[in-house]
Amino acid sequence: MFKTAGRIINWTGEYKKRMYWGFLWSFLNSIFIAMPIMGAAVFLDLMIKDSRGEFVLKPIHALWALLFMVAAIGGRFLFSYLRSIFQESIAYEKTAEERVKIGDILKWVSLGFFDRNNTGDLTGAVTTDLSVFEMYAMNMTNTIVGAYIHMGAMILCMLFFCWQAALAALAGLILSTIFLTILSRNSEKNAVPHQKANDKMISAVLEFVRGVSVAKSYGREGAAAKNVGNAFKEHKDINLKIEKDYIWVNAAHLIACKLGSVGVLLVSSILAINGSMPLHIFLMMAIFSFVMYSQQELVQNGAHTMQLIKAAMDKLDEIEKAEFIDEDGKDIKLQHYDVEFKNVDFGYETRQVLHDVSFNIPEGSTTAIVGPSGGGKTTICRLLARFYDVDRGQISIGGTDIRKLSCNSLLSNISMVFQNVYLFHDTIRNNICFGKADATEEEMIEAAKKARCHDFIMSLPEGYDTVIGEGGGTLSGGEKQRISIARALLKNAPIVILDEATASVDPENEHLIQAAISELTKGKTLITIAHRLATIENADQILVVENGRIAERGTHAELIARDGIYRRFIEIRRKTEGWQI
């Protein structure tokens, strides 16, 4: 608990000074809480002396007492306000920076990082975990540290009047701390399972939402919801376990606080009966005994939350330790755009995909990659864009190893059009200009015209300012594809990768997309994964990939003349494309 509080303070970074100032204001606030109690005791002593004729009370004394109380109450609220001003906003400012930081990290990690960490974990880190920081980190730190500051201030004030009572109060504090330590250890055991249950619940909900259309189409909504129900039950069970594990410790902690109060009152009573403590001091100690543990009793609420925060911090630390794929990369301007794979091996975790792959793609040429599904075609394109790093071998562009390039430097030379197009929940204008943020209106419209999407965009209610649904769900497949091509056209990169760009497009749109692709690839180094004969036949070079190896290479005429994989592939494609009902 205390270590976590220290981690939170260190986590605040440049805001740490404000945290320390906040603790100072908290200490002074506690002193001003004690002042009315001590002032009342002093004034009571004067009243007793006045009744005995040992002192004469005058109206001026009452005025001074009133002013003292007003000053004490004013000081209490002033320092409480200053503490809030200095500390409360730190969490919001720091978590905003942390979200941006995590976003920057996730931009530059290998895609293998996302294979090892599921969507629920990452979504939970950026949303739920950082929300825990935002809502509770400063609050709980102040609850715990502030409670001990408050107790320290109260014991210090008591020490001036009666060291025995102060010692009894300290004993109660130590006993309370022992039980809080046990509570914290129990929390630490349950925090990780709680975190996993929470991440599992998020993953299950995301999976259900994404797959609900498939579930409905098969009438299996109940089966799809089963995982969500199990995740909810697991989350409920761990929360119930947490409550059961902490009941006795919570009770013991509260009893320790009450025993501390009783101890102060008991010691003060004995001293008062023996005549060692004046009546007004006894009454002051009695009031202290009732109020001094008020904040300490609340620490139990922060003990478990602190362990949840610790688990969240551990998870965020793991994300922040992720290695950037271009950590050693530099911004290098390439002069040539020929591509070479040299003895490349690559695998996803335990599954080997590419084996000793070598080939050259001359600058300005067109290369088609064909072969059975799962052979490694898309993996080759992903490696070229350095979404992953090779396990062995080398990939170079213009003679430069791509591992020497920063990701920005590398990807500025590559445009990619995928079969499954993703468009952002934003305007069409911003989706097209995503390829070039500083593009002019004229450049954007020119790219849209070349991509054959200007006409249908202008028919929309808001034209280029029309907001499209997440993933482009409000547009047809062909419309999304043409917008993605416009985006790539605007980027105007010298290397273009087409991954099955026309595989799932209807015949009515295909000729438009083919025309758009022709505009996109003029004078570029083109790599295309394709199955359609029209795309393959005109390529300068065809690479046939099977089982992660380059099985054949050559032009269409050269490969069709051989009795190999490519020829059989073409014969199957011709039969498929000529098939009719």
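Asparagine 492 is exposed in the predicted model, with a relative accessible area of 51%. This residue is placed in the loop between helix 16 and strand 7. Although asparagine 492 is not a glycine, its phi is positive, at about 55°. A positive phi, near 60°, is also found at arginine 452, again a residue other than glycine. Arginine 452 belongs to the loop that lies between helix 14 (441-450) and helix 15 (454-458). With a relative accessible area of 32%, arginine 452 is partly exposed; the limits applied are under 20% for buried and over 50% for exposed.

The protein chain as a whole contains 20 helices and 10 strands. Of its 581 residues, 47% count as buried. When contacts between residues at least 6 apart in sequence are considered, 78% of them join residues at least 24 apart.

An open sheet is formed by 6 strands, in the order 6-7-8-3-9-10, and its pairing is mixed. Strand 6 (414-418) and strand 10 (549-554) stand at the edges; each has a single partner strand, so one side of each is left without a neighbour in the sheet. From one strand to the next, the twist averages 15°. Within the sheet, strand 3 (residues 366-370) and strand 8 (residues 525-529) run parallel and are joined by 4 bridges. In this pair of strands, isoleucine 369 stands opposite isoleucine 529 of strand 8. Helix 11 (residues 377-384) packs on the sheet, where it touches strand 3, strand 6, strand 7 (495-499), strand 8 and strand 9 (541-546). The direction of helix 11 makes about 145° with that of strand 8.

The largest nonpolar core comprises 77 residues. Those with the most contacts inside this core are Phe133, Met158, Met284, Met285, Phe288, Met292 and Ile309. Helix 6 (residues 119-159) supplies the largest share of the core, 18 residues. For phenylalanine 288, the contacts beyond its neighbours within four places in sequence are with Ala34, Ile37, Met38, Met154, Cys157 and Met158. A second core, separate from the largest one, has 33 residues, including Phe359, Ala385, Val390 and Leu405.

Empty space was examined as pockets and cavities. The largest pocket holds about 1,900 Å³ of space. Its lining consists of 44 residues, and those nearest the centre of the pocket are Phe387, Met416, Phe418, Phe424 and Phe434. Two or more lining residues are given by each of helix 4 (90-108), helix 5 (111-116), strand 2 (351-361), helix 11, helix 12 (407-411), strand 6 and helix 16 (477-491). Helix 11 and strand 6 thus appear both in the lining of this pocket and in the contact between helix 11 and the sheet.

A search of the whole structure finds 1 cavity of 30 Å³ or more. About 40 Å³ of space lies in the largest cavity. The residues that line this cavity are Leu383, Tyr388, Asp389, Val390, Gln394, Ile395, Asp401, Ile402 and Arg403. Val390, one of these lining residues, is also among the residues of the second nonpolar core.

Conventions
Residues are numbered from 1 along each chain as its sequence is written. This is a predicted model: local features need pLDDT of at least 70, side-chain atom pairs count only at pLDDT 80 or more; totals for chains, interfaces and linings use all residues. Side-chain values use heavy atoms; hydrogens and water are left out. Two strands pair if DSSP finds at least two bridges between them. Axes are lines fitted to C-alpha atoms, for helices over the stretch in contact, and angles run from 0 to 180 degrees between N-to-C directions. Contact means heavy atoms within 4.5 Å. A nonpolar core is a set of buried Ala, Val, Leu, Ile, Met, Phe, Trp, Tyr and Cys residues joined through side-chain atoms within 4.5 Å. Buried means under 20% relative accessible area, exposed over 50%, partly exposed in between (1.4 Å probe, protein chains only). On a 1 Å grid over the protein atoms alone, a cavity is a set of points where a 1.4 Å probe fits but cannot get out, and a pocket is an open set with protein on both sides within 12 Å along at least five of seven lines; lining residues have an atom within 4 Å of a point. Grid points are joined across faces, edges and corners, and a volume is the space filled by probe spheres set on the points.
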